[in-house]
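I set out my notebook entries on this structure below. I take up charged pairs, then confidence, then the core and the aromatic residues.

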Amino acid sequence: LLDAWEITGSGLRKTCRWMAMQPGHLRTLNKTLRYAYMLMRSDEREELREADLKLAWKELTGTELPSFEGRE
């Protein structure tokens, strides 16, 4: 899934894998990526940032992405 979305940065991939481990799994990750790319394009940027992912997650789920510190 991450290759299909062309997610290459190790930090971004790590965040996406953590998202996929949350309730809803891949469906939620796919929706989050779609929305994060819309946010990125609305700022007229070419590069996806971790902040885009976290904001998209918050907008779609209504919650902050749980921290994965120490759970790597």
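**Entry 1. Charged pairs**

I began with one side chain: does Glu64 count as buried or exposed? I looked up Glu64 in the model, which is a predicted one, and found a relative accessibility of 54%. The cut-off for exposed is over 50%, so Glu64 counts as exposed.

I then looked for the partner of Glu64 and found a salt bridge with Lys58, in which the closest N and O atoms are 2.9 Å apart. Lys58 has 40% relative accessibility and counts as partly exposed.

I noted next that salt bridges with shared partners join Asp43, Arg45 and Asp52 into one network. Within this group I checked Asp43 and Arg45, whose side chains form a salt bridge with an N to O distance of 3.4 Å.

I also recorded the salt bridge between the side chains of Glu50 and Lys54, at 3.4 Å from N to O. Both residues belong to helix α3, which spans residues 50–61, and they are four residues apart, about one turn of the helix. Glu50 is partly exposed at 31% relative accessibility, and Lys54 is partly exposed at 39%.

My count for the structure is five salt bridges.

**Entry 2. The surroundings of Arg45**

Where does Arg45 lie? I located Arg45 in the loop between α2 (25–42) and α3. Its relative accessible area is 14%; buried means under 20%, so Arg45 is buried.

I listed the contacts of Arg45, setting aside residues up to four places away in sequence, and found Leu39, Met40 and Asp52. Asp52 is also a member of the salt-bridge network with Arg45.

**Entry 3. Confidence**

I consulted the pLDDT values before going further. The protein chain averages 90, and 96% of the residues score at least 70. Among the elements of the chain, helix α1 (residues 10–20) has the lowest mean pLDDT, 92, and α3 has the highest, 94. I keep one general caution in mind: where pLDDT is low, predicted coordinates should not be read in detail.

**Entry 4. The nonpolar core**

How many residues does the largest nonpolar core have? I found 19 residues in this core, and those with the most contacts inside it are Ile7, Cys16, Leu29, Leu33, Leu48 and Leu53. Helices α1, α2 and α3 each supply at least two residues of the core. The most comes from α2, which gives six residues. In soluble globular proteins, nonpolar side chains tend to be buried together.

I followed Leu53 in detail. Leaving aside neighbours within four places in sequence, I found Leu53 in contact with Leu12, Thr15, Cys16, Met19, Thr32, Leu33, Ala36 and Leu48.

**Entry 5. The aromatic pair**

I searched for paired rings and found one aromatic pair in the structure. Why does the pair of Trp5 and Tyr37 count as stacked? The ring centres of Trp5 and Tyr37 are 5.3 Å apart and the planes meet at 25°. Planes under 30 degrees apart count as stacked, so the pair is stacked.

The pair links distant parts of the chain, as Trp5 is in the segment before α1 and Tyr37 is in helix α2, 32 residues apart. I compared their accessibility last: Trp5 is partly exposed, with a relative accessible area of 22%, whereas Tyr37 is buried at 11%.

Methods. Residues numbered from 1 in each chain as written. Predicted model: local features only at pLDDT ≥ 70, side-chain atom pairs only at ≥ 80, totals over all residues. Heavy atoms only, no water. Salt bridge = Lys/Arg side-chain N within 4 Å of Asp/Glu carboxyl O. Buried < 20%, exposed > 50% of the residue type's maximum accessible area, 1.4 Å probe, protein only. pLDDT = per-residue confidence, 0-100. Contact = heavy atoms within 4.5 Å. Core = buried A, V, L, I, M, F, W, Y, C linked by side-chain atoms within 4.5 Å. Phe/Tyr/Trp six-rings, centres within 6.5 Å; stacked < 30°, edge-to-face > 60°.
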